[in-house]
Amino acid sequence: MTDSVDLDRMTKEVRAAAEECGAMILESILASEHLPAVAVDGDTFASLVRHLKPRLIYMILTEFDAKEEVAAHFEEDELDTGLKKLAAKWTNRNGQSSRLILGLMADGVMHGIVETADWFDDFEEEAEALEDVRADEMRTEFDQQQEAERQRREADEKKRLAPIVRKLVADPRFVAPKISAAKRVTLAETLFPDVDRATIKKAVEKAVAEIWLTDAEK
């Protein structure tokens, strides 16, 4: 198990080893996908420093701030109610060391570690769980909006087609038993010359459906 005090101890030991070897500590990260790398145990990193005597050691010790960590995790500048609640739950850890990153180069190989406090792992798991819940809520809300928009479009189209459909259904030529679909479209275009063909076709389809339903109910 790793706690904040363990991260602080590792940091202190590495600083002491660096001072003994005359190494400079840079508070930055040396990272490249093209560099060969090996993982080093945090408790042995100070011994590795004394053995290799590197000129530079890369080290970042992160101090936990609940509000900043929540904002960074969710990529939000302002926290909403749900995120504020999560941050408030973890404010008791503010000021404690949460993550230690150490690295040094030797023979062209990056030797490094990333150590996190166990409680910080718990925080990240809780944040990820909340992120999943929020993503599901957003998907549900989006689906509901899409469905509402679909229903609105259908209602608008029904309202727009209604006068045309009524006139077609009432026309004896349109309801004649042997009239073809093409002739119905032509008749509708004659009755409504200012209406576009796509709307005419939809109105004809709806009128035919209404005629079928009326006949079926008889």
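## Briefing: T116, helices 1 and 5, and strand pairing

T116 counts as buried because its relative accessibility is 19%, and the cut-off for buried is under 20%. This residue belongs to strand 5. The model described here is predicted. The points below start from T116 and go on to helix 1, helix 5 and the pairing of strands 1, 3 and 4.

**Surroundings of T116**

- The side chain of T116 makes a polar contact of 2.8 Å with the side chain of D121.
- Setting aside neighbours within four places in sequence, the residues in contact with T116 are T2, L7, S98, R99 and D121.
- One of these contacts, L7, is also among the buried residues of helix 1.

**Helix 1**

- Helix 1 covers residues 4–21, which makes 18 residues.
- From first C-alpha to last, helix 1 reaches 26 Å, close to the 26 Å expected at 1.5 Å a residue.
- Its buried residues are S4, L7, M10, T11, V14, A17 and A18.
- Viewed down the axis of helix 1, these buried residues fall within an arc of 150°, so they line one face of the helix.
- V5, K12, E19 and E20 are exposed on the other side of helix 1.
- The cover over the buried residues of helix 1 includes two helices, helix 2 (45–52) and helix 5 (118–170).
- Strand 1 (24–26), strand 3 (56–63), strand 4 (97–106) and strand 5 (109–116) are also among the elements that cover them.
- After helix 1 comes G22, which has a positive phi, near 70°.

**Helix 5**

- Helix 5 has 53 residues, which should span 78 Å at 1.5 Å a residue; the end C-alpha atoms are 77 Å apart, in agreement with that value.
- At A162, helix 5 bends by about 45°.
- A proline, P163, follows A162 within four residues.
- The buried residues of helix 5 are W119, F120, F123, A127, R134, L161, I164, V165 and L168.

**Strand pairing**

- Strand 1 pairs with strand 3 in the parallel sense, over three bridges.
- I57 in strand 3 stands opposite I25.
- Strand 3 and strand 4 run antiparallel and are joined by six bridges.
- The bridge partner of M59 is L102, in strand 4.
- Strand 3 thus has parallel pairing with strand 1 and antiparallel pairing with strand 4.

Technical notes: Residues numbered from 1 in each chain as written. Predicted model: local features only at pLDDT ≥ 70, side-chain atom pairs only at ≥ 80, totals over all residues. Heavy atoms only, no water. Expected span 1.5 Å × (residues − 1). Buried < 20%, exposed > 50% of the residue type's maximum accessible area, 1.4 Å probe, protein only. Arc of directions from axis to C-beta. Contact = heavy atoms within 4.5 Å. Bend = angle between axes of the 7 residues up to and from the residue. Polar contact = N/O pair within 3.5 Å; in protein donor to acceptor, adjacent residues only side chain to side chain. Pairing = 2+ DSSP bridges.
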